[in-house]
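Student: I'd like a close look at one helix and what surrounds it. Could you take me through it in one go?

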Amino acid sequence: MYCRKARESIENRRNAGAASHGGQWTAQPAQGQFRQAMAQAAGGTGMDAMFEAASQQTGVPVQLLKAVAKAESNFNPDAVSSCGAVGVMQLMPATARSLGVTDPTDPGQNILGGAKYLQSMLERYDGDTAL
């Protein structure tokens with residue numbers, strides 16, 4: 001039920017965006033996927049500076065941030081889960097808003113939002129990262 005509502009919310013925003021741009025959705029995932037593949041082939045994600053900045057701002061280790069991004073979206077800023085989680089760090093829309101993320105598909109905002117969330121979880125669980 002919750003997943004369906006989140007998915008509908010994402011679709012409504014996409015449709016509103018398409019309507020405001022002459023009926024065409026402006027995201028170009030094929031180009032994004034190409035850039036992502038080229039960056040990974042070159043040994044980086046193309047988002048390294050964003051991960052570093054989020055790590056410095058929140059104190060969450062950059063390797064933890066990258067591990068979460070790899071597991072959640074494989075570094076894909078256009079990823080949307082079946083439950084409606086969006087972006088590199090797979091933030092749910094309400095969580096993203098609560099963390100100050102206004103565009104969850106923006107990698108910089110999404111990574112920083114994810115880092116803030118992880119920071120709060122690390123504080124809550126005394127820095128314990130064990131599963």
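Tutor: Here is a walk along helix α4 and the loop that follows, after a quick look at the whole chain.

Keep in mind that this is a predicted model. The chain has six helices and zero strands, so from the N terminus on the elements simply read α-α-α-α-α-α. Of its 131 residues, 35% count as buried. If you take contacts between residues at least 6 apart in sequence, 44% of them join residues at least 24 apart. The exposed surface comes to about 7,900 Å², with carbon and sulfur atoms supplying 54% of it.

Now to α4 itself, which covers 62–73. Start with its length: 12 residues at 1.5 Å a residue should span 16 Å, and the end C-alpha atoms are indeed 16 Å apart, so expectation and model agree. Next, which residues are hidden? V62, L65, K66, A69 and S73 are the buried ones. Looking down the axis of α4, you'd find these buried residues within an arc of 95°, which means they line one face of the helix. The general rule behind that pattern is that an α-helix has 3.6 residues a turn, so residues three or four places apart point the same way. Over on the other side of α4, Q63 and A71 are exposed.

What does the buried face sit against? The buried residues of α4 pack against α3 and α6 (107–124). For the α3 part, S55 is a handy place to zoom in. S55 belongs to helix α3, residues 48–58, and with a relative accessibility of 14% it counts as buried, because the cut-off is under 20%. Leaving out residues up to four places away in sequence, S55 touches V60, P61, V62 and L65. Two of the residues on that list, V62 and L65, are also among the buried residues of α4.

Now step off the end of the helix. Just after α4, N74 takes a positive phi of about 55°, and N74 is not a glycine. That's worth a second glance because most residues other than glycine have a negative phi. N74 sits in the loop between α4 and α5 (93–98), and its relative accessible area of 32% makes it partly exposed. The loop has another residue of this kind: Q90, also in the stretch between α4 and α5, has a positive phi of about 55° although it isn't a glycine. Q90, however, is buried, with a relative accessible area of 13%.

One more feature ties this loop back to α3. The structure holds one aromatic pair, formed by F51 and F75 in an edge-to-face arrangement, 6.0 Å centre to centre with 90° between the planes. The pair links distant parts of the chain, since F51 is in helix α3 and F75 is in the loop between α4 and α5, 24 residues apart. Both F51 and F75 are buried.

Put together, α4 has a buried face that packs against α3 and α6, and the loop after α4 is linked to α3 through the ring of F75.

Conventions:
Residues are numbered from 1 along each chain as its sequence is written. This is a predicted model: local features need pLDDT of at least 70, side-chain atom pairs count only at pLDDT 80 or more; totals for chains, interfaces and linings use all residues. Side-chain values use heavy atoms; hydrogens and water are left out. Helices (H or I, at least four residues) and strands (E, at least two) are DSSP runs, numbered from the N terminus. Buried means under 20% relative accessible area, exposed over 50%, partly exposed in between (1.4 Å probe, protein chains only). Contact means heavy atoms within 4.5 Å. The expected span of a helix is 1.5 Å times one less than its number of residues. The arc is that of the directions from the helix axis to the C-beta atoms. Accessible areas come from the Shrake-Rupley method with a 1.4 Å probe; for residues, only the protein chains shown count as cover. Rings of Phe, Tyr and Trp (its six-membered ring) pair if their centres lie within 6.5 Å; planes under 30 degrees apart count as stacked, over 60 as edge-to-face and the rest as tilted.
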